Each structure stands twice: as structure tokens, then as C-alpha cells.
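Hi everyone, thanks for making time for this one. I'd like to walk you through a single structure, so please have the sequence and the 3D view open.

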Amino acid sequence: MTASEAVGRRERVLESALLSFARFGYRKTSMDEVARAAEISRPGLYFLFSSKQELFRAAATHALDRDLAAAERSLASTAEPLRHRIVDAFDHWAGRYVGPARDVEDVVAANPDLLGEIVETAPARFRQLIVDALARTVDRRRAVDIADTLISTSVGVKHEVETREAYRRRLAVAVDLLVPEQPD
């Protein structure tokens with residue numbers, strides 16, 4: 001097996017594990033279920049992860065890291081106006097967990113003791129990304145206030161809508177109201 005095949009297999013296991021944990025909850029998810037979903041043998045799964053807790057931590061950390069990286073890429077791009085980049089960043093961070101995918105976020109939120117510090121560091125990192133992007137256009141204190149208001153708005157909207165498209169539409173309204181328009 002090549003290194004890229006091994007990375008691909010690990011990625012498939014982490015994605016399958018996260019979906020299994022979301023579907024059944026942490027306690028009811030078995031390593032057998034994850035192995036079946038990932039199309040890997042149970043011994044192969046244990047070769048990669050020695051315990052269900054280790055697998056859960058790795059799957060959640062992988063998802064959070066992926067979401068943060070996508071949000072960071074959106075904010076770093078200069079192809080779109082800041083308002084669009086902020087909506088995209090929120091979509092990568094929270095929009096993917098709207099509707100049926102909401103279960104993923106719920107299982108992570110329900111088991112913070114199993115995850116360690118990442119449940120605090122990842123949201124803090126996202127907040128910092130938003131503040132830094134806004135601070136290029138407004139003073140830092142105002143950037144913090146806008147970021148915190150958008151994060152609170154995102155949480156509320158995420159639980160009120162059923163689709164990712166509806167989430168983006170509603171969040172775009174908040175961004176348009178709070179983020180100053182930039183000259184082209």
C-alpha cells in the first residue's frame with residue numbers, strides 16, 4: 001500500500017467513524033459498525049486506532065481541523081469581497097452541520113470530555129480568523145464585537161433552518177448588516 005492509499009484509507013475511516021458516531025451516538029457506536037461503514041476489517045480498524053475513544057477523538061479533530069482550514073482558505077482569498085468570504089468561512093465552519101448533518105455537531109457537543117481541549121481551541125481559532133479578517137477594515141474592538149455577534153447569529157440561524165442554502169442566505173443578511181462595505 002502506498003502512502004497516499006494509507007492516507008486515503010485513514011481519511012475514509014475517519015469520515016465513516018464521524019458519520020457512525022453522529023447516527024448512533026458515541027455510546028451506541030461499535031467499532032464493528034465503523035469498520036463495516038469504512039469497508040475495513042475490525043483488526044484493520046484496531047491497527048489504526050486502539051480504542052473507540054481514540055477513534056472518536058481523531059474523527060472529531062479531523063473534522064474540526066478540516067473545517068478550520070477551509071474557513072481560513074476562504075478568508076485568505078482575495079477573489080471575492082470580504083462579505084462573501086466571511087459567509088463562506090461560516091459555511092465551512094457551521095453551515096455543513098445544518099439539516100441532516102446537524103447530528104455530527106450534536107455528538108461532538110455531547111461528548112466534550114472525550115475530546116479534550118480542541119472543543120475550546122477550535123472555536124477560539126475560528127473566532128480569531130474572523131476577527132483578523134474584519135480587523136483589516138475596522139478597528140480591532142469593533143472587529144471583535146462584529147465577530148462575536150456573527151458567531152451568535154450563526155448559532156441561532158443554524159438551529160432554525162433546515163438547509164445549508166437557507167443558512168447561507170440568512171447569515172448573508174447578518175453579514176450585510178454588520179460588515180462594512182469595502183470599495184472595489
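I'll begin with the whole chain, then go to one helix, then the largest pocket, and finish with a few single residues.

One thing to keep in mind throughout is that this is a predicted model.

So, the overall picture. The protein chain has 10 helices and 0 strands. If you read the elements from the N terminus on, you get α-α-α-α-α-α-α-α-α-α. The C-alpha trace spans about 55 × 35 × 30 Å along its principal axes. Of the 184 residues in the chain, 42% are buried.

Now let's turn to helix H9, which covers residues 140–160. H9 has 21 residues, and from its first C-alpha to its last it reaches 30 Å, close to the 30 Å expected at 1.5 Å a residue. Which residues of H9 are buried? They are Ala143, Val144, Ile146, Ala147, Leu150, Ser154, Val157 and Lys158. Look down the axis of H9 and you'll find these buried residues within an arc of 165°, so they line one face of the helix. Some background for that pattern: an α-helix has 3.6 residues a turn, so residues three or four places apart point the same way.

What about the other side? The face of H9 turned away from its buried side carries the exposed residues Arg141, Ser152 and Glu160. There is also a contact to look at where H9 starts: a side-chain oxygen of Asp139 comes to within 3.1 Å of the backbone nitrogen of Arg141.

Next, the pocket, which I suspect many of you were waiting for. The largest pocket has a volume of about 460 Å³. Its lining is made up of 23 residues, and those nearest the centre are Leu64, Trp93, Glu105, Pro123 and Lys158. You have already met Lys158 among the buried residues of H9.

Which elements give two or more residues to this lining? They are helix H4 (52–76), helix H5 (82–93), helix H6 (102–109), helix H8 (118–134) and H9. H8 gives the most, with 5 residues. As for chemical character, the lining residues divide into 19 nonpolar, 1 polar and 3 charged.

Let me stay with Pro123 for a moment. Pro123 is found in helix H8, and with a relative accessible area of 36% it is partly exposed. Pro123 and Leu64 are 59 residues apart in sequence, yet their C-alpha atoms are 8.9 Å apart in space. Both of them belong to the group nearest the centre of the largest pocket.

On to some individual residues, starting toward the N terminus. Ser16 is found in helix H1, residues 3–24. Is Ser16 buried or exposed? Ser16 has a relative accessible area of 12%, and the cut-off for buried is under 20%, so Ser16 counts as buried. Its side chain has polar partners: the side chain of Ser16 reaches the backbone oxygen of Arg12 at 2.9 Å, and the backbone oxygen of Ala37 lies 3.4 Å from a polar atom of that side chain.

Ala37 takes us to helix H2, residues 31–38, where the buried residues are Met31, Glu33, Val34, Ala35 and Ala38. H2 is followed by Glu39. Have a look at the backbone there: Glu39 has a positive phi of about 55° although it is not a glycine. Glu39 sits in the loop between H2 and helix H3 (42–48), and at a relative accessible area of 67% it is exposed.

Two more stops. Asp106 is found in helix H6 and is partly exposed, with a relative accessible area of 37%. Asp106 and Ala22 are 84 residues apart along the chain, while their C-alpha atoms are separated by 7.3 Å.

Finally, Arg164 is in helix H10, residues 164–178. Arg164 counts as partly exposed, at 32% relative accessibility. If you pair Arg164 with Arg85, 79 residues apart along the chain, the C-alpha atoms are separated by 16 Å.

That's my tour. If you go back to the viewer for one thing, try the H9 axis view, where the buried residues fall within that arc of 165°, and then find Lys158 by the centre of the largest pocket. Thanks for listening, and I'm happy to take questions.

Terms used: Residues are numbered from 1 along each chain as its sequence is written. This is a predicted model: local features need pLDDT of at least 70, side-chain atom pairs count only at pLDDT 80 or more; totals for chains, interfaces and linings use all residues. Side-chain values use heavy atoms; hydrogens and water are left out. Helices (H or I, at least four residues) and strands (E, at least two) are DSSP runs, numbered from the N terminus. The expected span of a helix is 1.5 Å times one less than its number of residues. Buried means under 20% relative accessible area, exposed over 50%, partly exposed in between (1.4 Å probe, protein chains only). The arc is that of the directions from the helix axis to the C-beta atoms. A polar contact is a pair of N or O atoms within 3.5 Å; within protein, one must be able to donate a hydrogen and the other to accept it, and residues adjacent in sequence count only if both atoms are side-chain atoms. On a 1 Å grid over the protein atoms alone, a cavity is a set of points where a 1.4 Å probe fits but cannot get out, and a pocket is an open set with protein on both sides within 12 Å along at least five of seven lines; lining residues have an atom within 4 Å of a point. Grid points are joined across faces, edges and corners, and a volume is the space filled by probe spheres set on the points. Ala, Val, Leu, Ile, Met, Phe, Trp, Tyr, Cys and Pro count as nonpolar, Asp, Glu, Lys and Arg as charged, and the others, Gly among them, as polar.
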